[in-house]
Amino acid sequence: MKFFIDTANLDQIEEAQALGVLDGVTTNPSLMAKEGITGKENILNHYRNICEIVAGDISAEVIGTSFEEMIKEGEELAALHPQIVVKIPMIKDGVKAIKYFSDKGIKTNCTLIFSCGQALLAAKAGATYVSPFIGRLDDVSTDGLLLIDEIRRVYDNYGFETQILAASVRHTMHVVNCAKIGADVMTGPLSAIEGLLRHPLTDNGLKKFLEDARSMQV
Ligand code: E4P
């Protein structure tokens, strides 16, 4: 299972990278705005900076919603760096744009997936990744993990190569459950990744080992 970090914050990306388990980064317009990045050149530069920190796939989202706008923006983003994956929303023109990029060998991430039917359509269009937003489904009392499970079954039935990128991951149990179901990738905040290493028995056990080591006066 690949671990992506879902942020545009360079410090957090560097921290996750330093842990040695990071496979990529996802961003979206809200995450970019949160970092106070404004103006086209600054936005493009920010994506370049992220590509310098992490060796894997970096999702950069288009803002236009017409086929023509998405193609223009997506080509510009893809030309920035070979690691860039063009992130495209699940709308009618988005599906057409995914097919266009897929035919050209440009990687895509189909975002804002909330149903198995949407994931099927994105896979048919040749998306590299689909991003089901499990946290946002949980927010409206709908089981997000159930959607991951459904998409896994459908993709396995037909051997689709589109990777399931569990998105809107909020905590460590999302990560663990996505791994159990067989999501190919999860993207979440640094806290969800670092939370995996915490256990009080580990802390207590280490404390006792260190106390006993000191008593041996080696
Ligand atoms: C996915 O690529 C999105 O950037 C993200 O996971 C959305 O997460 P949120 O629901 O926590 O905003």
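The expected span of a helix is 1.5 Å times one less than its number of residues, and helices (H or I, at least four residues) and strands (E, at least two) are DSSP runs numbered from the N terminus. The model here is predicted, with local features needing pLDDT of at least 70 and side-chain atom pairs counting only at pLDDT 80 or more, while totals for chains, interfaces and linings use all residues. Residues are numbered from 1 along each chain as its sequence is written, and side-chain values use heavy atoms, leaving out hydrogens and water.

Let's start with helix H3. Its 14 residues, 40-53, reach 21 Å from the first C-alpha to the last, close to the expected 20 Å. Leu44, His46, Tyr47, Ile50, Cys51 and Ile53 of H3 are buried, where buried means under 20% relative accessible area, exposed over 50%, and partly exposed in between (1.4 Å probe, protein chains only). The cover over these residues includes helices H1 (10-19), H2 (29-34) and H4 (67-80), along with strands S2 (24-26), S3 (57-61) and S4 (84-89).

Another buried spot is Cys178, in helix H9 (residues 172-181), with 0% relative accessibility. Leaving aside neighbours within four places in sequence, Cys178 is in contact with Met1, Ile134, Leu145, Ile148, Ala166 and Ala183; contact means heavy atoms within 4.5 Å.

Now for the charged pairs. The structure holds 11 salt bridges, each a side-chain nitrogen of Lys or Arg within 4 Å of a carboxyl oxygen of Asp or Glu. Three of them are listed here, among them one within a single helix.

| Pair | Closest N to O | Separation in sequence |
|---|---|---|
| Lys40 and Glu76 | 2.7 Å | 36 residues |
| Asp184 and Arg152 | 3.2 Å | 32 residues |
| Asp212 and Lys208 | 3.0 Å | 4 residues |

Lys40 lies in H3 and Glu76 in H4, so their bridge ties together parts that are distant by 36 residues in sequence. Asp212 and Lys208 both sit in helix H11, about one turn apart. Salt bridges with shared partners also join Arg152, Asp156 and Asp184 into one network. Within it, Arg152 is buried at 13% relative accessible area, whereas Asp184 is partly exposed at 25%.

Finally, the surface: Leu19, Val21 and Leu197 form a nonpolar patch with about 260 Å² of accessible area together. Patches are made of residues with over 30% relative accessible area and no salt bridge, joining like charges within 9 Å and nonpolar side chains (Val, Leu, Ile, Met, Phe, Trp, Tyr) within 5 Å. The areas come from the Shrake-Rupley method with a 1.4 Å probe, and for residues only the protein chains shown count as cover. Leu197 belongs to the loop between helices H10 (190-194) and H11 (200-215) and is exposed, at 56%.
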